[in-house]
Amino acid sequence: MHRSLTSPAPPPGYSALRLFTDCVVLGFTAWGGFMALLAQAQERFVRKRGWVVEKDFLDLIALVTMLPGPQAVNALAVMGHRLGGWAGFTAALAGIVLPSFFIILGLWWGYAALAGHPALLRAVIVGVLPPLAMILAQTAWNQSKKAAPAPRDKALAVVAAAALLLLPFWSAPILVLAAGGLVARLFWPAPPPAAAPTSPPMRPAQVLLCLVPAGFAVFQIVPALLPDAVVARLALAFAGISTTLFGGALVMVPLLEGLIVEHLGWLSHAGFTAGLAASQLTPGPIVGIATFTGMEIAGFAGALAATVGVYTPTAVIAVGASGAADRLKGLRWFQHAMLGVRCAVVGLIAGAAVTLWLKLPLTAQPLSCAALTLAAALLVFRLKQPPYVTIPAGVLLAWLLMRA
């Protein structure tokens, strides 16, 4: 029997341990992006377990798309909280995050071992760039069909991409997103009024669950406020990143690189590319690069702190906001601004694809770069291969070309 997530009692057969193990299975097997993960979660928890009413699950998906952070992870965390309180929240969040956490740790060890093999390391760094660029380009193309269907939407996306490439400072993506929302508010017609909300007003405790974690954004906006202790610095830096992460994790690739590489100096550009590739080689979201960065800077403690920092605040925000999803939809000014933000998101993802591609040794090895780009485009756009196929194929091809 399907149970509503608003029911005060857990459904028959529910336990925090079973929820945890189910989420671990999803964390190891749900390849294909956040919608693929949510589709598998829907099959497991709605149809197989009968713990969730399908409408409630769809409402969860609608909620997390309006909030910052990794959307699928946040949806499962809210589901866990509604099923079993904070124990359920912890079980779902830990279960879905731990698989990618340990996979990325293993990939980091592999990357560290390559330090003694410079030719192979160079092949890895160069070979992952075209597949990553094509994955981002495909994502931008797919999102543009929904987020930027009109000519004015596409124009704003193009301007956002150009701004990302031309603005010379690490925080440019935040300004581009804000500018997109401002353009929509000032110059575009407002969306039609939403239906009157049916949910009750948010209680003070729910408001605090939204506002307190959102306060971590100050460490993203003003990194000088970060503490000196490296583990705390990692946790708070990635907490700040997560709370400004609207539109899916891919949009934050340039912001992540600007903060991690150029502003804080935690990784080189090559190390960031390797971390980005590692995050794409897991079923988890791209913010798994936090784990890679933490491991590089402070070992296991750093990896754990960065991972907790990047996932927990937005999951808590989603719990706080989960009782007022229709009220968020009813905020006409918010929905009006989001029209422009979504277009800017498309542009930022496209700009990030160009930025990655430009890191290829285009002048030194133009023919090899052309071959790598064409192969990646074929695998991603034509053959529709997933990252765990395209990225290793790019590395292998780069190694063969660079040996020649």
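Is Asp59 buried, exposed or partly exposed? Asp59 is partly exposed, because its relative accessible area is 32%, which lies between the 20% and 50% limits. Please keep in mind as you read on that this is a predicted model.

## Asp59 and its partner

Let us stay with Asp59 for a moment. Its side chain forms a salt bridge with Lys55, and the closest N and O atoms of the two are 3.0 Å apart. Both residues belong to helix H3, which covers residues 54-64. They sit 4 residues apart, about one turn of the helix. Lys55 has a relative accessibility of 55%, so this residue counts as exposed.

## Salt bridges elsewhere

How many salt bridges does the structure hold? There are 7. One of them links Asp22 and Arg44, with 3.1 Å between the closest N and O atoms. Asp22 is part of helix H1 (residues 16-29) and Arg44 is part of helix H2 (residues 34-48), so this pair ties together parts that are 22 residues apart in sequence. Asp22 is buried, at 3% relative accessible area. Arg44 counts as buried too, with 17% relative accessibility.

Another salt bridge brings together the side chains of Arg152 and Asp153, at 3.6 Å from N to O. Arg152 is partly exposed, with a relative accessible area of 39%, whereas Asp153 counts as buried at 8% relative accessibility. Returning to Asp22 and Arg44, these two are joined with Arg49 into one network by salt bridges that share partners.

## Helix H5 and its bend

Now follow helix H5, made of the 30 residues from 118 to 147. At 1.5 Å a residue, H5 should span 44 Å, and its end C-alpha atoms are 42 Å apart, which agrees.

Where does H5 bend? The bend is at Leu129 and amounts to about 25 degrees. A proline, Pro130, follows within four residues.

## Helix H13: one buried residue and a surface patch

Helix H13 runs over residues 289-321, and Thr291 has its place there. Thr291 is buried, having a relative accessible area of 2%. What does Thr291 touch, leaving aside its neighbours within four places in sequence? Its contacts are Phe101, Ile104, Leu105, Ala303 and Thr307.

H13 also takes part in a nonpolar patch on the surface. The patch is formed by Leu98, Phe102, Phe300, Leu304 and Val308, which together have about 450 Å² of accessible area. Helix H4 (71-113) and H13 each supply at least two of the patch residues. Which helix gives the most to the patch? H13 does, with 3 residues. Leu304, one of the patch residues, is found in H13 and counts as partly exposed at 41% relative accessibility.

## Lys384 in a loop

Between helix H16 (366-382) and helix H17 (387-403) there is a loop, and Lys384 is found in it. The phi angle of Lys384 is near 60 degrees, which is a positive value in a residue other than glycine. With 57% relative accessibility, Lys384 counts as exposed.

## Lys154 and Glu262

Two more residues are worth finding in the model. Lys154 lies in helix H6, which covers residues 151-166. At 42% relative accessibility, Lys154 counts as partly exposed. Once its neighbours within four places in sequence are left aside, Lys154 is in contact with Ala148 and Pro149. Lys154 and Leu331 are 177 residues apart in sequence, and their C-alpha atoms are 25 Å apart in space.

Glu262 lies in helix H11, spanning residues 253-263. Is Glu262 buried or exposed? Glu262 is exposed, with a relative accessible area of 53%. How far apart are the C-alpha atoms of Glu262 and Phe169? They are separated by 8.8 Å, while the two residues are 93 residues apart along the chain.

Terms used. Residues numbered from 1 in each chain as written. Predicted model: local features only at pLDDT ≥ 70, side-chain atom pairs only at ≥ 80, totals over all residues. Heavy atoms only, no water. Expected span 1.5 Å × (residues − 1). Bend = angle between axes of the 7 residues up to and from the residue. Salt bridge = Lys/Arg side-chain N within 4 Å of Asp/Glu carboxyl O. Buried < 20%, exposed > 50% of the residue type's maximum accessible area, 1.4 Å probe, protein only. Contact = heavy atoms within 4.5 Å. Patch = residues over 30% accessible without salt bridge, like charges linked within 9 Å, V, L, I, M, F, W, Y side chains within 5 Å. Areas by Shrake-Rupley, 256 points an atom, 1.4 Å probe, with all protein chains shown as cover.
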